[in-house]
Amino acid sequence: MNEKILEVKNLKVTFKTHNGTVEAIRGASFELYKGETLAIVGESGSGKSVTTKVLMGILAKNGIIESGTAIYKNKDLCKLSKKEFVDIRGKEIAMIFQDPMTSLNPTMTIGKQIREAVLEHHVISRKAAKMRAIELIDMVGITNPEERYKQYPHQLSGGMRQRVVIAIALACNPNILIADEPTTALDVTIQSQILELIKRLQDEIGLSIIFITHDLGVVANVADRVAVMYAGRIVEWGTSDDIFMSPAHPYTWGLLASVPDMANKEIELYSIPGSPPNLMYPPKGDAFALRSEYALKIDFEEAPPVFKISETHYAATWLLDERAPEVPRPLFLQKRIEAMKKEAAAYGRT
């Protein structure tokens with residue numbers, strides 16, 4: 001395993017609202033290693049984006065870090081002041097947001113926006129910054145970089161705008177890149193191109209990437225490790241093979257089974273019943289119990305501990321307790337896993 005670059009332990013974040021306190025993150029822990037891609041997957045409201053905002057120091061004013069640590073280069077990001085974060089945000093930890101149109105200034109050329117990002121953290125001439133901007137435009141796969149430098153965001157396609165956002169994020173050679181749903185606003189073909197670009201840049205530059213998404217299918221060929229998040233907690237984590245081929249938590253089962261498979265149309269698309277809990281009133285026990293047909297009595301009484309499945313694979317579900325009844329994987333999930341194994345074999349990823 002490579003060098004550990006980031007370690008988050010027992011992170012708890014709440015938001016004060018007029019209606020009460022929302023427990024957005026309820027003890028999340030994970031690690032990021034140099035040169036790897038960690039995907040954090042879960043439905044909207046699971047706490048994925050809040051976690052990344054803590055790492056970037058951009059938590060909303062009503063957000064409070066109740067406890068926990070996020071250690072990066074021997075510094076606890078949870079305890080840094082706004083002034084201290086200036087030297088880290090953008091320069092060492094950068095972020096790509098969902099919608100490139102809201103990330104870019106419509107009144108400035110894309111070249112100027114990239115150049116300003118370079119100048120923000122480097123003491124170089126404006127001419128050198130311009131050359132660096134053109135180099136970045138070319139690096140992210142945009143043709144005719146000198147001409148594109150002079151264009152405005154509205155003159156580019158959605159895919160090109162997202163490439164510009166990636167160029168801005170890479171302007172200061174960060175160690176960690178956080179990609180928050182970077183392909184959600186793009187069509188499927190462009191999604192694939194952006195994912196391939198991020199993977200290529202990671203290989204070339206040696207980036208460590210945290211990839212945030214609600215869609216397990218998006219990260220199937222990108223992530224080295226996957227953390228599944230539900231109701232403010234990491235409920236399962238492991239290598240991509242662990243999560244895709246040997247999922248252990250019922251929530252992960254549902255996420256996998258709900259990924260469309262156009263090559264196997266006979267496999268019925270699954271829908272997870274119910275909705276995530278209201279974290280203003282977090283449920284007792286396992287938060288997923290009310291939505292799971294495999295819930296045990298204890299799930300409604302006590303939150304499960306984390307069970308070790310292998311050296312790389314862990315899950316928080318009472319189904320892994322030695323006293324629990326044996327519950328075979330549902331047939332719809334088994335069919336989905338078999339289809340993924342065949343696809344992996346066809347593309348030489350076994």
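Leaving aside its neighbours within four places in sequence, which residues is Ile-337 in contact with? I shall begin with that residue and then move outward through the model, which is a predicted one.

Ile-337 sits in helix H12, which covers residues 331-346. Beyond its neighbours within four places in sequence, Ile-337 is in contact with Phe-244, Met-245, Pro-247 and Arg-329. The relative accessible area of Ile-337 is 0%, so this residue is buried, the cut-off being under 20%. For a long-range reference, take Val-226: it is 111 residues from Ile-337 in sequence, and the two C-alpha atoms are 16 Å apart in space.

Let me turn to the domains. The domain assignment of the protein gives domain 1 as 1-92 + 175-349, and domain 2 as 104-173. Between the C-alpha centres of domain 1 and domain 2 there are 31 Å. To the contact, domain 1 contributes 17 residues and domain 2 contributes 13 residues.

Next, a helix pair. Two packed helices are described by the angle between their axes and by the distance between those axes. For helix H4, residues 110-121, and helix H5, residues 126-139, the packing angle is about 115° and the axes are 8 Å apart. The crossing in which H4 passes H5 is right-handed. On the H4 side, the contact is made by Ile-110, Gly-111, Ile-114, Arg-115, Glu-116, Val-118 and Leu-119. On the H5 side, the residues are Arg-126, Ala-129, Lys-130, Arg-132, Ala-133, Leu-136 and Ile-137. Sorted by class, the contact of H4 with H5 has 8 nonpolar, 5 charged and 1 polar residues.

After H5 comes a loop that leads to helix H6, 145-148, and Asn-144 has its place in that loop. Asn-144 is not a glycine, yet its phi is positive, at about 50°. Is Asn-144 buried or exposed? With 51% relative accessibility, Asn-144 counts as exposed, because the cut-off is over 50%.

Asn-10 also deserves attention for its backbone. Its phi is near 50°, again a positive value in a residue other than glycine. Asn-10 lies in strand S1, residues 4-17, and is partly exposed, with a relative accessible area of 39%.

I now come to two helices with many buried residues. Helix H1, residues 48-56, has 7 of its 9 residues buried, so it is largely enclosed by the rest of the structure. The buried residues in H1 are Lys-48, Val-50, Thr-51, Thr-52, Val-54, Leu-55 and Met-56. Lys-53, which also has its place in H1, is partly exposed, at a relative accessible area of 35%. Not counting residues up to four places away in sequence, Lys-53 touches Ile-58 and Leu-59. Between the C-alpha atoms of Lys-53 and Ile-178 the separation is 9.7 Å, although the two are 125 residues apart along the chain. Directly after H1 comes Gly-57, with a positive phi near 70°.

The other helix is H11, residues 250-257, which is mostly covered, with 8 of its 8 residues buried. These are Pro-250, Tyr-251, Thr-252, Trp-253, Gly-254, Leu-255, Leu-256 and Ala-257.

A charged residue in a strand comes next. Asp-76 belongs to strand S5, residues 75-76. Why does Asp-76 count as buried? The reason is its relative accessibility of 13%, since buried means under 20%. Beyond the residues up to four places away in sequence, Asp-76 touches Gly-68, Thr-69, Ala-70 and Ile-71. Its C-alpha atom is separated by 12 Å from that of Ile-5, which is 71 residues away along the chain.

Finally, the cysteines. A disulfide is a covalent bond between the sulfur atoms of two cysteines. How many disulfides are counted here? With sulfur atoms required to be within 2.5 Å, the count comes to 0 disulfides. Cys-78 is buried, with a relative accessible area of 15%, and Cys-172 is buried as well, with a relative accessible area of 7%.

To close, I return to the starting residue: Ile-337 in helix H12 is buried, and its contacts include Phe-244 and Arg-329.

Definitions and conventions
Residues are numbered from 1 along each chain as its sequence is written. This is a predicted model: local features need pLDDT of at least 70, side-chain atom pairs count only at pLDDT 80 or more; totals for chains, interfaces and linings use all residues. Side-chain values use heavy atoms; hydrogens and water are left out. Axes are lines fitted to C-alpha atoms, for helices over the stretch in contact, and angles run from 0 to 180 degrees between N-to-C directions. Helices (H or I, at least four residues) and strands (E, at least two) are DSSP runs, numbered from the N terminus. A crossing is left-handed if the near helix is turned anticlockwise from the far one by less than a right angle, and right-handed if clockwise. Contact means heavy atoms within 4.5 Å. Ala, Val, Leu, Ile, Met, Phe, Trp, Tyr, Cys and Pro count as nonpolar, Asp, Glu, Lys and Arg as charged, and the others, Gly among them, as polar. Buried means under 20% relative accessible area, exposed over 50%, partly exposed in between (1.4 Å probe, protein chains only). Domain bounds come from an automatic or database domain assignment.
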